[in-house]
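Biologist: I'd like to learn how to read a model like this one, feature by feature. Could you walk me through it?

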Amino acid sequence: MGAVAAVYDYHWDAAAEEFLLATSGSELPGVRQSYASFFLIPLGRFREAVEEIERELKQDPLNVAHRAFQAHHLNWEGLYDRAIEEARATLEIENSLAGSL
C-alpha cells in the first residue's frame with residue numbers, strides 16, 4: 001500500500017506510514033526494495049535507498065532484481081564507480097539483464 005500511496009496518489013505521509021509499518025518487525029522479502037524505489041528515491045533520499053537495498057542483499061545476495069535496483073540507486077546518488085561495479089556483478093549473475101542496466 002505504501003507504493004500505491006507514493007506512486008499513484010503522491011500521498012507521502014500515508015506512504016511513509018505504510019512503509020514504516022511494513023519495514024518494522026518482520027523481514028519480508030522485497031519490502032525494503034519497494035520502500036527504497038517507490039518512496040525514498042522520489043524524495044531524493046538516495047543514500048537511505050542504497051542502505052535499504054544493502055539490507056536486502058545481505059539476506060539474498062544473488063537476487064538480481066535487488067542488484068539491478070542497487071546499481072540504479074548508486075548511480076542516482078552519484079557513486080558512479082560503485083554503480084558500475086554493482087551493474088557488472090549483476091551481469092555476472094544474470095547476463096540477460098544487460099539491456100535494463
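**Reading the helices and their charged pairs**

Modeller: Sure, and keep in mind that this is a predicted model. Let's start at a helix end: N63 caps the N-terminal end of α5, with a side-chain oxygen 3.0 Å from the backbone nitrogen of A65.

Biologist: And what happens just after α5?

Modeller: Look at the backbone there: G78, just after α5, takes a positive phi of about 90 degrees.

Biologist: How does the span of α5 compare with what its 14 residues should give?

Modeller: The check uses a rise of 1.5 Å a residue, so helix α5 (residues 64-77) should span 20 Å; its end C-alpha atoms are 20 Å apart, which agrees. You can repeat this for helix α2 (residues 12-23): its 12 residues should span 16 Å, and the end C-alpha atoms are indeed 16 Å apart.

Biologist: Let's zoom out for a second. How many helices and strands does the chain have?

Modeller: There are 6 helices and 0 strands, so to speak a plain α-α-α-α-α-α pattern along the sequence. Of the 101 residues in the chain, 34% are buried. The chain exposes about 6200 Å², and carbon and sulfur atoms supply 54% of that.

Biologist: What share of the contacts joins residues at least 24 apart?

Modeller: Taking contacts between residues at least 6 apart in sequence, 38% join residues at least 24 apart.

Biologist: Back to single helices. How do I read which way one faces?

Modeller: The general idea is periodicity: an α-helix has 3.6 residues a turn, so residues three or four places apart point the same way. Now try α2, where A15, F19 and T23 are the buried residues. Seen down the axis of α2, the buried residues fall within an arc of 50 degrees, so they line one face of the helix.

Biologist: Which exposed residues sit on the face of α2 turned away from its buried side?

Modeller: That face carries D13, E17, L20 and L21.

Biologist: Which residues are buried in α5?

Modeller: In α5 the buried residues are H66, R67, A68, Q70, A71, H73 and L74.

Biologist: R67 is an arginine on that buried list. What does R67 form a salt bridge with?

Modeller: The general idea is that side chains of opposite charge can pair when their charged atoms come close. In this case R67 forms a salt bridge with E86, and the closest N and O atoms are 2.3 Å apart. E86 lies in helix α6 (residues 80-93) and R67 in helix α5, so the pair ties together parts that are 19 residues apart in sequence.

Biologist: Are the two partners buried or exposed?

Modeller: The cut-off for buried is under 20% relative accessible area. E86 has 14% relative accessibility, so E86 counts as buried. R67 has 15%, so R67 counts as buried too.

Biologist: How many salt bridges does the structure hold?

Modeller: The structure holds 5. Among them is the pair of E77 and R47, with the closest N and O atoms 3.2 Å apart. This pair links distant parts of the chain, E77 in helix α5 and R47 in helix α4 (residues 46-59), 30 residues apart. R47 is exposed, with a relative accessible area of 59%.

Biologist: And what does E48 form a salt bridge with?

Modeller: E48 pairs with R45, the closest N and O atoms being 2.8 Å apart. E48 counts as partly exposed at 32% relative accessibility, and R45 counts as partly exposed at 30%.

Methods. Residues are numbered from 1 along each chain as its sequence is written. This is a predicted model: local features need pLDDT of at least 70, side-chain atom pairs count only at pLDDT 80 or more; totals for chains, interfaces and linings use all residues. Side-chain values use heavy atoms; hydrogens and water are left out. Helices (H or I, at least four residues) and strands (E, at least two) are DSSP runs, numbered from the N terminus. Buried means under 20% relative accessible area, exposed over 50%, partly exposed in between (1.4 Å probe, protein chains only). Contact means heavy atoms within 4.5 Å. Accessible areas come from the Shrake-Rupley method with a 1.4 Å probe; for residues, only the protein chains shown count as cover. The expected span of a helix is 1.5 Å times one less than its number of residues. A polar contact is a pair of N or O atoms within 3.5 Å; within protein, one must be able to donate a hydrogen and the other to accept it, and residues adjacent in sequence count only if both atoms are side-chain atoms. The arc is that of the directions from the helix axis to the C-beta atoms. A salt bridge is a side-chain nitrogen of Lys or Arg within 4 Å of a carboxyl oxygen of Asp or Glu.
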